[in-house]
Amino acid sequence: MSDIIFEVRIKGPDPKRELIMKNPVMTASGTFGFGREYSRLYDLNRLGAITVKGITIEPRRGNPPPRLIETPSGILNSIGLQNPGLEGFIGDELPYLRRLSTPVIVNISGNTIEEYAFLASELDRVEGVSALEVNVSCPNVKEGCMAFGIKKDSLFSVVSAVRKSTTLPVIVKLSPNVRDIAEMAETAENAGADAVSLVNTFLGMAIDIDRKKPLLANTFGGLSGPAIKPIALRMVWEVYERVDIPVIGMGGIMNWKDAVEFILAGAASVAVGTANFVNPTAPLEIIDGIENYMIREGINDIRELIGLGHRLPA
Amino acid sequence: MIIDDNARVITNKMIIPAHYVMEIHSPDIALKALPGQFLHIKVTNNTSPLLRRPISIHMRDREKGSISILYRVVGTGTQLLSHYKPGDRINIIGPLGNCFPLAAEFKRIAVVGGGIGTAPLLFLALEAVNSGRDVLYIEGARCRDALLLSEHLGNSGCRVMVATDDGSLGYRGFPTELLKSRLERESFDAVYACGPKPMLKGIKKLSLEYRTPAFISLEERMGCGIGACLSCVCKVIADGGRGAEYRKVCTDGPVFPAEAVMFDE
């Protein structure tokens with residue numbers, strides 16, 4: 001191992017409950033199940049953090065299939081937040097996750113502000129949760145979720161309510177389906193967010209020209225994968241210029257070069273999503289790749305790299 | 001553990017137009033594989049098509065350390081797969097999914113394959129014969145020239161019957177009709193099937209009608225292949241028949257008891 005400082009911290013209101021990642025690479029919610037699935041392929045302790053599948057108070061059945069369509073260099077999904085609910089998560093999934101040395105970020109979704117606040121307060125007292133990611137950007141459920149993330153006042157209300165309900169670090173996952181994502185990030189920061197993660201998927205669709213009908217059972221879905229990377233990168237760049245809290249960058253990161261681009265654009269850490277499906281060991285290759293890049297560039301501390309793209313002359 | 005292997009292609013041959021058998025050297029997967037399981041195959045290093053392709057394990061040879069897949073070229077992914085040559089490296093993950101349950105009490109079994117759905121059933125049929133079971137193998141195809149397996153099963157110890165849509169060989173009609181006629185004459189302890197959805201729906205109906213357990217292998221669009229993304233779900237009966245839930249084809253399946261599967265939304 002080299003002497004590189006690779007650690008990334010996201011501070012919350014309680015200094016004792018800081019999110020400390022040993023490296024800047026995490027997995028994106030919805031692409032990594034509850035971790036256990038990928039533990040059959042590699043040691044999850046190597047990851048910076050694991051963000052688990054989004055949970056709601058009650059279990060959700062999710063949307064009917066087909067839920068996934070492949071598009072050029074991307075995928076459209078409409079899972080519809082299928083999950084075992086808060087109790088199911090705590091009882092069946094968390095005991096395994098607790099055994100890891102990697103911090104666990106729990107992604108939460110609700111239909112009302114009260115539901116978000118309830119989830120935050122319940123998870124606040126549960127051992128083994130290192131941070132919350134507030135999902136106000138899932139495009140695949142009829143009520144709530146993205147509706148909260150695309151209007152400033154409702155975003156402010158949700159984030160404020162979550163902030164009051166927990167002393168865990170609060171990360172707000174932003175929707176790219178807005179006019180001005182930097183403004184939304186600023187709103188989240190003003191409401192007490194400790195970090196923002198971006199981007200969630202872009203609302204999209206695909207049509208079967210033979211059946212002359214939408215391919216997804218739910219008509220619309222969220223687009224992810226390399227196809228969205230340039231747009232996600234631009235959004236991270238914009239948000240970095242507007243907020244003082246850490247930015248977690250994601251959107252089509254397939255390899256370490258993509259990850260370095262996001263870090264140069266201002267991401268303090270990066271999340272790997274769709275790439276997990278294509279290459280399950282992608283997060284590990286990305287960790288090694290960033291480290292080798294830093295050695296090659298003579299950069300000792302990841303903090304020197306974060307947002308460097310803004311600081312160097314054009 | 002799941003094995004992630006940059007494996008060597010041994011052969012990749014067209015057996016009938018648009019249908020190929022690829023043999024891959026992967027000793028660890030060959031050792032662990034069970035009938036009904038599948039591989040998740042990375043067909044390209046480019047980003048389109050982006051996802052891996054789930055393809056069932058057709059055969060395995062433990063001594064040689066190899067596994068085979070039988071696939072039909074239908075889109076870009078399988079087209080790319082057909083271009084692999086002996087000696088090429090191909091990234092495979094496996095063995096994935098559950099398997100066809102060959103319970104000890106299932107001594108007389110019927111195996112029904114329709115079209116390319118017959119691919120995972122050779123492995124099953126041979127394992128069943130080798131463990132001393134009586135196996136009736138029914139293969140359904142569009143026509144005589146589209147049959148994939150039946151001629152290879154001649155010396156396998158299976159009883160082989162064929163159904164073709166046009167009647168160019170064997171029974172004229174669907175393999176389910178042929179199975180029904182056999183169920184009228186003899187009893188089976190279990191039925192195993194893979195093929196198009198209408199055929200599997202027919203198998204479920206026969207399973208209930210003749211009170212014979214049936215196990216069917218399903219297909220659905222997959223993302224991760226290992227149970228994390230929840231893309232590839234199918235609807236199954238839950239709450240003792242009162243409700244329904246979505247189960248993952250990749251890890252809860254691909255094999256499900258026919259009676260549990262709900263085919264109509």
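How many salt bridges are counted between chain A and chain B? The count is one. Before we look at that bridge, keep in mind that this is a predicted model.

Let's begin where the two chains meet. Chain A brings 36 residues to the contact, and chain B brings 30 residues. Together the two chains bury about 2800 Å² between them, and 62% of that area lies on carbon and sulfur atoms. On the side of chain A, three residues stand out: Arg40(A), Arg61(A) and Glu70(A) supply 22% of the area that chain A buries against chain B, more than any other three residues. Glu70(A) also takes part in a salt bridge, and its partner is Arg53(B), with the closest N and O atoms 3.1 Å apart.

Now let's move into chain B itself. For residues 1-102 of chain B, an unreviewed UniProt entry lists "domain: FAD-binding FR-type". Over this stretch, the chain is 47% strand and 13% helix. The C-alpha atoms at its two ends are 22 Å apart.

Further along chain B, find strand 9, which covers residues 134-141. Is this strand mostly covered or mostly open? Strand 9 of chain B is mostly covered, as seven of its eight residues are buried. Look next at the strands it pairs with. One of them is strand 8 of chain B (residues 108-114), which pairs with strand 9 of chain B in the parallel sense over seven bridges. To trace one of the pairings by eye, start at Ile109(B), whose bridge partner in strand 9 of chain B is Val135(B). Strand 10 of chain B (residues 159-164) also runs parallel to strand 9 of chain B, and six bridges join the two. Here you can follow Ala141(B) to its bridge partner in strand 10 of chain B, Thr164(B).

A helix belongs to this picture as well. Strand 8, helix 3 (residues 121-130) and strand 9 of chain B make a right-handed β-α-β unit.

Our last stop is a single residue, Leu206(B), in helix 5 of chain B (residues 197-209). Why does Leu206(B) count as buried? Leu206(B) is called buried because its relative accessible area is 7%, and the cut-off for buried is under 20%. Leaving aside residues up to four places away in sequence, Leu206(B) touches Thr176(B), Leu179(B), Lys180(B), Leu183(B) and Arg211(B). For a sense of distance, compare Leu206(B) with Leu51(B): they are 155 residues apart along the chain, and their C-alpha atoms are separated by 36 Å.

Note on methods: Residues numbered from 1 in each chain as written. Chains lettered and ligands numbered in written order. Predicted model: local features only at pLDDT ≥ 70, side-chain atom pairs only at ≥ 80, totals over all residues. Heavy atoms only, no water. Buried < 20%, exposed > 50% of the residue type's maximum accessible area, 1.4 Å probe, protein only. Helix = DSSP H or I, 4+ residues; strand = E, 2+ residues; numbered from the N terminus. Pairing = 2+ DSSP bridges. Right-handed = clockwise from strand over helix to strand, strands pointing away. UniProt positions renumbered as here; feature names shortened; annotations may be inferred. Contact = heavy atoms within 4.5 Å. Buried area = accessible area lost by both parts, 1.4 Å probe. Salt bridge = Lys/Arg side-chain N within 4 Å of Asp/Glu carboxyl O.
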